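Good morning, everyone. Please bring the model up on your screens, and I will walk you through it.

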Amino acid sequence: MTVAQMKTKLNSHQKAYINLKLRKPTNGEYLLCVFHLKAGKGLNLLQAAAEVAAESSTGTNFAVQTETDFSREMNALVYQVDEKKNLVWIAYPWRLFDRDGNVQNILTYIVGNVLGMKEVSALKLLDVWFPPAMMQQYDGPSYTLDHMRKYLDVYDRPILGTIVKPKMGLTPAEYAEVAYDFWVGGGDFVKNDEPQADQDFCPFEKMVAYVKKAMDKAVKETGRKKVHSFNVSAGDFDTMLERCEIVRKAGFEYGSYAFLIDGITAGWMAVQTLRRHYPDVFIHFHRASHGAYTREENPFGFSVLVLSKFARLAGASGIHTGTAGVGKMAGTPSEDITAAKNILRYEAKGHYFKQQWSGIPKKDKDNIALVHADSAHHLILDDDDWRGMKKCCPIISGGLNPTLLKPFIDVMGGIDFITTMGAGCHAHPDGTQSGAVALVQACEAYVQGMDIKKYSKDKPELAKAIKFFGKKK
């Protein structure tokens with residue numbers, strides 16, 4: 001059925017949410033979305049798209065007598081369709097959204113009730129475009145990868161990190177020992193795994209205190225700064241903030257700690273609360289449960305790209321973006337690397353939109369200079385952050401080990417990320433410290449442009465890692 005034929009089937013209610021001649025949807029009045037949509041029984045693509053636009057903005061399944069001339073101006077509008085690929089483009093007047101910079105509110109509209117509608121048999125948000133004026137309402141990241149690089153004095157490689165394993169069951173002393181071993185082996189960054197909280201076998205406050213002692217000892221022995229990311233996710237906001245304050249009061253140096261939040265399960269309000277309370281801390285967004293929405297085979301939800309772009313809008317300093325098929329988690333370069341580059345770059349092409357994270361006009365000479373400087377990997381938005389939204393760091397975890405560092409860098413096309421290898425370090429035949437050394441050696445081989453097997457000839461830790469993980473493929 002052609003678009004023209006589909007239009008003849010629209011009722012008067014549905015027509016109010018269709019404008020296939022919308023002039024300049026990128027004029028700044030609209031947040032734009034592209035959905036993959038399959039119509040439910042008895043509807044064509046355009047009818048179903050109109051029902052989605054209505055449910056996700058001002059309407060319901062029938063026209064109501066209470067609407068006004070102004071309320072109709074807030075209608076979402078279907079402005080483009082691709083009937084062959086089942087794609088629909090919808091423009092949302094961004095005045096619909098809570099003016100307090102509320103990401104939760106946007107998502108309640110565009111991927112809220114609509115995912116449960118009978119009128120659709122598939123509905124997945126693939127890409128989103130934020131207009132410049134709307135972005136001014138949102139926090140964006142404050143403490144970034146650039147700040148972490150400066151603190152660690154690491155510029156020519158990825159930030160090398162680990163997830164403490166086993167993810168649960170260690171006492172505070174055992175946990176701190178694992179962190180210490182990784183740090184003295186040369187690693188930079190240690191993180192709680194996503195379920196760690198205040199369990200009886202590992203009280204949060206004692207774990208924090210012991211990590212501080214372990215970090216101090218590792219810094220003294222290595223002469224290098226270290227970072228730990230603490231999971232502050234909790235049952236309520238007060239407890240979350242109390243956990244943040246436990247870390248703050250433990251004596252850590254600014255820059256040596258991050259706050260991890262399970263952003264989807266804890267909620268967007270938790271993410272934005274942390275960003276607003278602690279603008280001087282790296283806010284680490286773990287995406288536990290994202291697969292329910294983002295897996296490619298799932299017909300409902302949203303893409304990794306959409307999740308990652310909203311994390312940047314909300315002010316996360318970094319978010320897990322996947323291993324692009326290199327590690328153990330589901331994912332592809334077209335999805336995971338696109339997401340990573342869209343949150344790193346000042347201007348980047350998504351699946352359907354080119355997003356510029358700018359607060360000043362595109363044609364402004366300073367804006368053009370920022371695009372070029374960012375493309376050349378120069379530091380931007382350091383002393384002129386009114387000009388745009390700062391970067392969000394890709395965090396890469398899930399089945400990586402030292403032998404997979406270079407393959408991932410090659411797929412990523414750059415080194416601006418934090419890698420957090422769990423078993424990839426702790427499963428090393430000689431333990432965590434040797435696993436960290438092997439990771440550092442694999443990174444040295446990359447920096448020097450050498451094959452890791454050749455580089456490992458006089459590096460027993462790396463040689464053992466290559467042999468061990470090579471057998472485990």
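I will go through the barrel, then the open sheet, then some helix pairs, and finish with a few unusual backbone spots.

One caution at the start. This is a predicted model.

Let's begin with the barrel. How many strands does the closed barrel have? It has 8 strands. Follow them round with me: β5, β6, β7, β8, β9, β11, β14, β15. The pairing is parallel. From one strand to the next, the twist averages 25°.

Now zoom in on one stretch of that barrel. Start at strand β9, residues 282–286. β9 pairs with strand β11, residues 318–320, in the parallel sense. There are 2 bridges between β9 and β11. Look for Phe285, and opposite Phe285 you will find Ile319 in β11.

Move on from β11 to β14. These two strands also run parallel, and 3 bridges join them. Here His320 faces Ile395 of β14.

Stay on Ile395 and turn to β15, residues 418–421. β14 and β15 are parallel, with 2 bridges between them. Which residue of β15 stands opposite Ile395? That is Ile418.

What about the side chains of β14? This strand covers residues 393–396. Cys393 and Ile395 point one way. Pro394 and Ile396 point the other way. Are these residues buried or exposed? All of them are buried.

Next, the open sheet. It has 5 strands, in the order β2, β3, β1, β4, β10. The pairing here is mixed. Which strands are at the edges? They are β2, residues 77–82, and β10, residues 300–302. Each of these pairs on one side only. Ignoring direction, neighbouring strands of this sheet are turned by 20° against each other on average.

Take the β10 edge. β10 pairs with strand β4, residues 120–129. They are parallel, over 3 bridges. The bridge partner of Leu125 is Phe302 in β10.

Helices pack on this sheet too. Helix α3, residues 45–55, touches β1, β2, β3 and β4. The direction of α3 makes about 145° with that of β2. Then there is α14, which lies across β4 and β10. α14 runs at about 45° to β4.

Keep α14 in view, as we now turn to helix pairs. Two packed helices are described by the angle between their axes and the distance between the axes. For our pair, take α14, residues 304–314, and α15, residues 333–344. Their axes come within 8 Å and cross at roughly 20°. Angles under 35 degrees count as roughly parallel. So α14 and α15 are roughly parallel to each other. The crossing of α14 past α15 is right-handed.

Who touches whom? On the α14 side, the residues are Val304, Leu305, Ser308, Lys309 and Arg312. On the α15 side, they are Glu335, Asp336, Thr338, Ala339, Asn342, Ile343 and Leu344. Sorted by class, this contact has 5 nonpolar, 3 polar and 4 charged residues.

Here is a second pair. Helix α17, residues 405–412, packs with helix α19, residues 432–447. The angle is about 50°, and the axes are 9 Å apart. That angle makes α17 oblique to α19. From α17, the contact uses Leu405, Lys406 and Ile409. From α19, it uses Leu439, Ala442, Cys443 and Tyr446. By class, the contact of α17 with α19 has 6 nonpolar residues, no polar ones and 1 charged.

Last topic: the backbone. Where is the cis peptide bond? It joins Lys165 and Pro166, with omega about -5°. Pro166 sits in the loop between β5, residues 159–163, and α8, residues 172–184.

Now for positive phi values. Asn86 has a phi of about 55°, although it is not a glycine. Asn86 is in the loop between β2 and β3. Its relative accessibility is 22%, so Asn86 counts as partly exposed.

His377 is another non-glycine residue with a positive phi, near 65°. Find His377 in the loop between α16, residues 365–375, and β14. Why does His377 count as exposed? Because its relative accessibility is 56%, and the cut-off for exposed is over 50%.

That is the tour. Thank you.

Definitions and conventions: Residues numbered from 1 in each chain as written. Predicted model: local features only at pLDDT ≥ 70, side-chain atom pairs only at ≥ 80, totals over all residues. Heavy atoms only, no water. Pairing = 2+ DSSP bridges. Helix = DSSP H or I, 4+ residues; strand = E, 2+ residues; numbered from the N terminus. Axes fitted to C-alpha atoms, helices over the stretch in contact; angles between N-to-C directions. Parallel < 35°, antiparallel > 145°, perpendicular 65-115°, else oblique. Left-handed = near helix turned anticlockwise from the far one by under 90°. Contact = heavy atoms within 4.5 Å. Nonpolar A, V, L, I, M, F, W, Y, C, P; charged D, E, K, R; others polar. Buried < 20%, exposed > 50% of the residue type's maximum accessible area, 1.4 Å probe, protein only.
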